[in-house]
Amino acid sequence: MSLQNLLSKKFIWRACDLTDLPRAESASGIPTGIADLDLLLYGRGWPRDALVEVFIDVHGCGELRLLMPALRHLIREEARWIAWVNPPFVPYAPALGSMEIDVHRVLLVYPNSHREALWAMEKIVESGSCSAVLAWLSEHELKAKQLRRIQTRAKATRVWVTIFRPMQAVVDPSPAELRIRLRNLRSDAGEKTTLSILKRKGGWAVSDLPLQLQGCPDDFSAERMAGHWNQWRQVER
Amino acid sequence: MLWLCAHLPQMGLEMFHRSSAASRHQAAVVIDERKVHLMNSAAQEAGIGLGSSLATASSLVDDLACYKRDEQAEKEYLEKIIPIAYRLTPRVSVSLPYDLMLEVSGSVKLFGGLKPLVRLLERSLRRIGHKTFIGTAHAPCAARVLAHAEVATPLPNYPDASVVRENALKCLRETSLEHAELQPSDIERLFSMGIRSFGELIDLPRHELGQRFDKSLLEYLTRLLGSGFDPQKYASPVECFQSDVHLLEPAKDRLSLDDHMQQLALRLVHWLQSRQLGVLEATWTFKPYDDDGITVPVRFSHPQTRVPGILECSELALDAVELPSEVISISLEAPRVDSLLNAGPVEKDLLGTHQSRPALPGELLDRLTARLGVESWRLLRNVNDHRPEYAWSPVTTRAFERDSTSFPTPGHRPLWLFEPPMPVKRKNFELLKGPERIESGWWEGRFLRDYFVARHESGSLCWLFNDGEEWFQHGYFS
């Protein structure tokens with residue numbers, strides 16, 4: 001096979017294509033709600049059919065807020081459910097509501113063990129009734145083999161699976177299609193949340209992209225608070 | 001009137017000895033008063049004859065499966081399979097020992113004619129392992145004779161009463177008198193008179209016949225011809241479902257249970273169909289010889305009406321428990337059932353467009369419940385309460401369907417909530433915003449808190465409150 005033939009094959013991508021890979025017409029992803037991030041991702045958004053890993057060092061660094069615009073998009077677009085497998089805390093319904101996530105589409109699954117969690121994830125992915133799965137798995141029992149299985153199932157049934165992992169797991173090899181690290185960086189100007197892409201389809205790693213996440217408590221103005229308060233009082237009456 | 005008689009000639013044997021692939025070649029007989037009463041084809045091939053003694057039979061076959069006839073058990077068994085017939089018509093009666101009688105003139109049209117109806121009856125009985133012969137006639141006892149003689153009445157798909165009577169009588173005339181439900185002595189006398197078929201008997205002058213035989217023969221003849229009164233005692237379906245299977249040999253593994261579980265699930269589905277219900281909770285009980293055994297409940301989020309659905313969740317539930325090593329009896333109950341009208345929102349309306357409320361992922365939830373337990377999943381619901389920990393509640397299906405409103409939240413709320421709040425030290429946090437005072441719930445004790453948005457040393461955004469004395473963390477702005 002000549003080199004020219006080989007290059008015409010679709011499954012070969014060249015590193016020189018990197019810069020213009022996410023073309024608008026091939027935008028099959030779920031919009032992240034952050035324009036800068038969309039540009040970096042293959043399909044211009046979160047993949048609809050793959051495993052994504054999000055690495056965090058502490059809870060409360062914006063890991064859920066990062067996904068909220070995409071979940072909102074999915075809920076509006078499809079009649080399917082969002083499954084939360086083994087969430088470490090309670091996903092708070094009023095907060096989800098204020099981010100315009102319909103809480104009537106949230107399914108919380110509490111498995112009793114790691115094996116059950118994997119079984120439940122597989123069933124959820126296969127059932128076709130959920131469009132996204134968010135999972136928190138037991139880190140010391142999690143094996144690459146299991147991740148690969150989740151990734152292939154997600155691919156076959158077109159479900160977006162996101163698992164949240166601690167920062168230590170960054171060094172482990174993983175079959176996930178997209179690996180993302182969220183960090184709070186402290187500087188003189190104050191705190192800022194940054195996002196690094198450790199692994200992505202069709203591109204190199206990107207480090208420390210500053211993020212302005214929606215729904216941050218700091219951007220809540222007094223006026224908006226007053227508006228909410230009035231609305232609440234009206235419902236009470 | 002259009003009567004069907006489903007004759008199950010081998011029921012007395014089939015209720016014990018299911019003809020599975022493995023057991024087909026094993027000779028099996030049912031013994032009544034030390035004589036062979038029923039036998040399967042393998043026994044027939046071995047040379048055993050009906051009425052031969054147990055000693056003869058066991059000398060002919062080494063591994064003879066031998067069951068003792070129990071008329072009470074036969075009666076109970078026949079009553080258990082009534083729901084199969086009850087799906088076709090409400091007029092079902094039992095005729096001992098091995099017949100089900102159905103009056104179907106009202107349901108022929110519903111099932112698209114007589115032939116599909118007969119086929120359906122035959123197939124459902126075959127599915128639970130019974131060889132069946134169905135006789136069709138204008139009167140119950142005539143249908144019985146035709147079924148016993150294995151004569152099929154030729155009938156159009158939508159027959160009217162006169163055609164049924166005419167054709168059935170035509171068939172009956174050819175049928176041998178040995179199938180008549182008369183005293184054996186009377187049949188013998190008729191035979192010795194040279195009267196061998198029903199036709200010859202019917203043609204005899206009644207008056208003279210009455211002088212030579214007793215009144216019951218004449219009554220039988222009028223009933224046979226459809227001119228006499230022949231009341232039947234119609235069965236009514238039971239109110240609660242409870243059914244069991246007693247195994248003759250203990251089942252030692254899951255595989256051998258499957259067949260029996262399917263039988264029971266099928267009985268349950270027939271019962272549900274007859275009452276237009278779906279099952280919400282089914283309970284399996286597996287008993288060994290010596291103790292009470294274990295009970296495995298299977299729950300469904302929606303009224304379930306199908307055998308595969310019931311069995312799949314049952315299998316998952318069985319995965320989670322340890323069965324007794326030897327099971328001798330299986331029973332199935334349906335403690336909770338519901339009308340199909342309450343089956344909940346359907347996914348799509350008739351035009352295929354999505355409704356505003358999504359359907360519950362019922363099958364998924366049933367699987368999760370069956371394998372991981374009732375506590376394994378929850379749905380979220382907003383509650384109109386000002387106190388943060390009461391502003392949401394985890395619910396299961398029923399409560400979820402009742403409620404659909406959401407309430408605007410007054411302030412900024414974290415995505416992660418701690419349940420219960422965690423005591424923390426104030427010095428580790430930097431307060432960013434607040435306070436937001438929440439004071440409510442005077443009817444349940446004091447509730448007065450000042451909430452703050454704060455940043456922990458590690459950089460995470462937290463939701464803190466001070467109840468006047470101590471500091472607590474109530475969530476993460478994740």
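**Exercise 1. Strands at the C-terminal side of chain B**

Which strand of chain B do 6 bridges join to S16(B), and in which sense do the two run? Work in the predicted model, then extend the answer to the other partner of S16(B) given here and to the turn.

*Solution.*
Step 1. The partner is strand S17, residues 461-466 of chain B, and the two strands run antiparallel.
Step 2. For a specific pair in this ladder, take B:Ala454, whose bridge partner in S17(B) is B:Cys462.
Step 3. S16(B) and S17(B) form a hairpin with 4 residues between the strands. Within this hairpin, B:Gly459 has a positive phi near 105 degrees.
Step 4. S16(B), residues 448-456, also pairs with strand S15, residues 429-439 of chain B. That pairing is antiparallel and has 8 bridges. One of its pairs places B:Lys433 opposite B:Val453 in S16(B).

**Exercise 2. A sheet of three strands**

Determine the strand order of the sheet in chain B that contains S2, S3 and S4, and state which strands lie at its edges.

*Solution.*
Step 1. Start with S2(B), residues 28-32, and S3(B), residues 35-39, which pair in the antiparallel sense over 4 bridges. B:Val30 stands opposite B:Leu38 in S3(B).
Step 2. These two strands make a hairpin with 2 residues between them. B:Glu33, in the turn, has a positive phi of about 50 degrees.
Step 3. Next, pair S2(B) with S4(B), residues 65-68: 4 bridges join the two, and they run parallel. B:Ile31 has B:Lys68 as its bridge partner in S4(B), and B:Val30 stands opposite B:Tyr67 in S4(B).
Step 4. Combine the pairings: the order is S3-S2-S4, the sheet is open and the pairing is mixed.
Step 5. S3 and S4 of chain B each have a single partner strand, so they are the edges, and one side of each lacks a neighbour in the sheet. From one strand to the next, the twist averages 35 degrees.

**Exercise 3. A sheet of four strands**

Describe the open sheet of chain B that includes S8 and S11, giving its order, edges and twist.

*Solution.*
Step 1. The order is S8-S11-S9-S10 in chain B, with antiparallel pairing.
Step 2. Strands S8 (242-251) and S10 (294-304) of chain B pair on one side only and are the edge strands.
Step 3. The twist from one strand to the next averages 15 degrees.
Step 4. At the S8 edge, S8(B) pairs with S11(B), residues 327-339, over 6 bridges in the antiparallel sense. Within this ladder, B:Asp244 has B:Ser331 as its bridge partner in S11(B).

**Exercise 4. Helix H3 of chain A**

How many of the 15 residues of H3(A) are buried, and where is the kink in H3(A) centred?

*Solution.*
Step 1. The helix reaches 22 Å from its first C-alpha to its last, close to the 21 Å expected at 1.5 Å a residue.
Step 2. There is nevertheless a kink of about 35 degrees, centred on A:Pro69.
Step 3. Of the 15 residues, 11 are buried, and H3(A) is mostly covered. Among them are A:Glu63 and A:Arg65, as well as A:Leu64, A:Met68 and A:Pro69. The kink centre, A:Pro69, is therefore a buried residue, where buried requires 20 or more other C-beta atoms within 10 Å.

**Exercise 5. The contact between the chains**

Characterise the side of chain A that touches chain B, by size, by element and by residue class.

*Solution.*
Step 1. The contact involves 50 residues of chain A and 49 residues of chain B.
Step 2. The elements of chain A that each supply at least two residues to this side include H3 (63-77), S3 (90-91), H5 (114-127) and S7 (178-187).
Step 3. By class, this side has 30 nonpolar, 12 polar and 8 charged residues.
Step 4. Strand pairing also crosses between the chains: 2 bridges join S3(A) to S14(B), residues 416-423, and the strands run antiparallel. A:Pro91 stands opposite B:Trp416 in S14(B).

**Exercise 6. Placing B:Arg275**

Is B:Arg275 buried or partly exposed?

*Solution.*
Step 1. B:Arg275 belongs to helix H13(B), residues 254-275.
Step 2. It has 16 other C-beta atoms within 10 Å, and is therefore partly exposed. The buried class would need 20 or more.
Step 3. Its C-alpha atom is separated by 9.9 Å from that of B:Leu340, 65 residues apart along the chain.
Step 4. For the chain as a whole, buried residues make up 36% of the 478 residues.

How values were computed:
Residues numbered from 1 in each chain as written. Chains lettered and ligands numbered in written order. Predicted model: local features only at pLDDT ≥ 70, side-chain atom pairs only at ≥ 80, totals over all residues. Contact = placed C-beta atoms within 7 Å. Nonpolar A, V, L, I, M, F, W, Y, C, P; charged D, E, K, R; others polar. Pairing = 2+ DSSP bridges. Buried ≥ 20, exposed ≤ 12 C-beta atoms within 10 Å, placed from the backbone. Expected span 1.5 Å × (residues − 1). Bend = angle between axes of the 7 residues up to and from the residue. Axes fitted to C-alpha atoms, helices over the stretch in contact; angles between N-to-C directions.
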